[in-house]
Amino acid sequence: MSDQVLIADEVITGNMFCFQCQEAAKGSGCEIKGICGKDDKVSNLQDLLIYVTKGVGILNNLATNNDLNLPFAHKYVYEALFMTITNANFNDAKIIEKIREGFNVRTHIIQHLAGKAIQLPEKMHSSVTWEGGDLAELERKAKLVGVKAEANEDIRSLKELIIYGLKGMAAYAEHAANLGYDNNGVMAFMSKALAETTRTDIGMNELVPLVMETGKYGVEVMALLDKANTESYGNPEITEVNIGTRNNPAILISGHDLKDMEELLAQTEGTGVDVYTHSEMLPANYYPKFKKYSHFVGNYGNAWWKQKEEIEAFNGPVLFTTNCLVPPSDSYKDRVYTTGASGFNGVKHIADRENGQAKDFSAIIDHAKKCAAPTQIEEGKIIGGFAHNQVMQLADKVVDAVKTGAIKKFFVMAGCDGRMKSREYYTEFAEKLPTDTVILTAGCAKYRYNKLQLGDIGGIPRVLDAGQCNDSYSLAVIALKLKEVFELNDINELPIVYNIAWYEQKAVIVLLALLYLGVKNIHLGPTLPAFLSPAVANFLVNEFGINVRGEVDADLKKFLA
Ligand code: SF4
Ligand code: SF3
């Protein structure tokens with residue numbers, strides 16, 4: 001029997017444990033099957049992949065500390081981390097492939113280290129040694145490497161907080177890298193932090209600063225991605241996005257990867273196939289370079305969790321460039337395509353770029369030609385494109401509105417959307433906000449209120465959408481600019497309230513970035529992360545004033561006081 005079969009079927013099934021997202025079962029963790037649809041095999045394989053990646057991180061960190069910069073190792077680390085993000089990859093074969101790749105990467109790093117006569121660490125990993133080095137060895141130990149391998153719940157909590165932050169960081173690093181942008185500091189940090197989480201002698205006193213450092217590199221990676229996106233596609237500008245449909249066959253594109261967006265638009269031009277965005281791809285509509293395509297129609301549907309009914313109605317094929325992918329129904333599974341870090345068993349996957357060539361989207365384009373045009377589910381327009389550059393152009397207007405009291409408060413309501421009924425809070429909250437307040441948003445959280453008619457304040461819309469979750473960076477830039485204009489010493493003196501919704505690990509890096517920038521009193525919802533132990537949650541409350549959001553009326557009263 002091959003290693004692959006052994007690892008997939010015999011060892012990896014059985015108890016899983018995952019608590020990395022907001023929908024963790026019973027608010028504590030998924031143990032039989034993920035609420036997200038991830039099964040025990042995929043979950044345990046992801047644990048194993050993280051374990052292997054930590055091993056690569058240890059060696060890559062050693063290399064970096066000895067002035068060896070190994071781009072292949074950095075690339076492996078961010079790709080592997082990204083694959084394990086919630087709702088990205090459900091394909092066990094792909095994860096096994098990545099685990100195997102980890103062994104090759106490990107061998108290559110060791111060769112580089114040997115070339116410089118650098119001594120290898122005695123043990124490659126803290127609790128599980130790696131001497132066997134093959135899959136059979138790992139198989140035997142697979143159960144030892146999950147989240148619960150760390151017995152102390154506070155240490156586990158901080159280590160996982162760092163790892164989830166790294167997953168978000170990795171996603172953003174990959175998008176930037178796809179556009180030819182990277183940052184050695186971010187790359188080196190990912191391996192260093194992974195290595196640190198394998199230490200058995202590490203305590204709160206070292207882990208807390210590491211959490212803050214994760215936030216620091218979170219700011220850096222979002223700045224890098226912002227630079228990559230805006231230098232490649234122009235600065236987002238105020239845009240009215242059509243949410244209705246036309247009568248041509250079409251492709252729906254979801255996820256966050258703008259390079260995929262660019263290539264898909266170029267390859268569909270002149271084919272008679274239209275392109276619509278879904279969920280987190282909506283902000284692609286704000287970029288000048290994409291707007292020039294007349295077959296780029298607008299946005300279709302809402303946040304990720306509504307995809308089942310919306311894909312059903314779309315009629316044409318759907319391309320997932322990243323998370324959030326929901327396990328597809330059989331009725332439309334043959335119309336789903338994944339690419340990059342995303343994947344699902346039995347779903348067609350579009351291969352990566354090779355030698356600088358564009359991805360080949362011809363299969364999905366041919367597929368679209370055979371499909372009916374989308375069924376219209378909404379009509380009208382929504383407005384967005386308020387990233388930092390655009391807002392700076394309106395700065396005088398915004399500052400005047402604050403000075404005259406026309407705008408009393410800003411509410412940062414960035415982050416993620418999700419299935420939970422308790423997220424109706426955000427719609428109600430937005431509706432009940434007084435008319436002299438403005439919502440600053442980014443990420444798919446916006447779908448809870450971006451179609452409400454909330455009006456404007458002297459021409460400034462009351463919902464300003466900066467873009468994807470990573471564009472929360474724009475909101476931070478805007479806040480820092482306001483702080484400068486109003487000559488304040490502390491970002492927390494601004495009339496800004498943070499009422500953030502989270503779901504997956506990109507929101508974790510956004511949160512850590514905000515903490516690093518000194519933002520205090522962030523309200524987080526709909527619940528606090530299951531991976532925060534009581535002591536760590538307490539620490540965040542005391543140190544940063546982080547709070548779980550409450551009920552709408554009580555929160556409004558508190559925030560407006
Ligand atoms: Fe459960 Fe979330 Fe983990 Fe999925 S990602 S298994 S829903 S905790
Ligand atoms: Fe949404 Fe998945 Fe997080 Fe990028 S698409 S914000 S949840």
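**Notebook: cavities, a pocket and two ligands**

I began with the largest cavity, which is lined by 16 residues; Leu511, Leu524, Pro529, Leu532 and Leu540 lie nearest its centre. Two elements, α17 (505-516) and α18 (534-544), each give two or more residues to this lining. The largest share, 5 residues, comes from α17. I then sorted the lining of the largest cavity by character and found 16 nonpolar residues, with no polar and no charged ones. Its volume came out at about 130 Å³. I also counted the cavities of 30 Å³ or more, and the structure holds 9.

A reminder to myself: this is a predicted model, so I checked the confidence next. The protein averages a pLDDT of 93, and 94% of the residues score at least 70. Over residues 1-11 the pLDDT is below 50, and this stretch has 23 contacts in the model beyond near neighbours in sequence. Residues 125-132 also have a pLDDT below 50, with 23 contacts in the model beyond near neighbours in sequence. Where pLDDT is low, the predicted coordinates should not be read in detail.

Next I turned to the largest pocket, with a volume of about 710 Å³. I looked up its lining and found 30 residues, of which Lys75, Glu79, Lys98, Glu174 and Asp352 lie nearest the centre. The elements giving two or more residues to this lining are α3 (71-83), α4 (92-115), α6 (153-178) and α9 (258-268). Here α3 gives the largest share, 7 residues. By character, the lining of the largest pocket divides into 13 charged, 9 nonpolar and 8 polar residues. Domain 1 (3-231) and domain 2 (239-369) each supply at least three residues to this lining.

Then came the ligands. Around ligand 1 I listed Met16, Cys18, Phe19, Gln20, Cys21, Ala24, Cys30, Gly34, Ile35, Cys36, Lys38 and Thr86. That shell has 8 nonpolar, 3 polar and 1 charged residue.

For ligand 2 the surrounding residues are His256, Glu280, Trp304, Asn323, Cys324, Gly415, Cys416, Cys444, Cys469, Tyr503 and Glu504. I sorted this shell too: 6 nonpolar, 3 polar and 2 charged.

My last query was where ligand 2 sits relative to domain 2 (239-369) and domain 3 (388-559). Both domains give residues to the shell around ligand 2, so this ligand lies between them.

Key:
Residues are numbered from 1 along each chain as its sequence is written. Chains are lettered from A and ligands numbered from 1 in the order in which they are written. This is a predicted model: local features need pLDDT of at least 70, side-chain atom pairs count only at pLDDT 80 or more; totals for chains, interfaces and linings use all residues. Side-chain values use heavy atoms; hydrogens and water are left out. A residue is near a molecule or strand if one of its heavy atoms lies within 4 Å of it. Ala, Val, Leu, Ile, Met, Phe, Trp, Tyr, Cys and Pro count as nonpolar, Asp, Glu, Lys and Arg as charged, and the others, Gly among them, as polar. Domain bounds come from an automatic or database domain assignment. On a 1 Å grid over the protein atoms alone, a cavity is a set of points where a 1.4 Å probe fits but cannot get out, and a pocket is an open set with protein on both sides within 12 Å along at least five of seven lines; lining residues have an atom within 4 Å of a point. Grid points are joined across faces, edges and corners, and a volume is the space filled by probe spheres set on the points. Helices (H or I, at least four residues) and strands (E, at least two) are DSSP runs, numbered from the N terminus. pLDDT is the predictor's confidence in each residue, from 0 to 100. Contact means heavy atoms within 4.5 Å.
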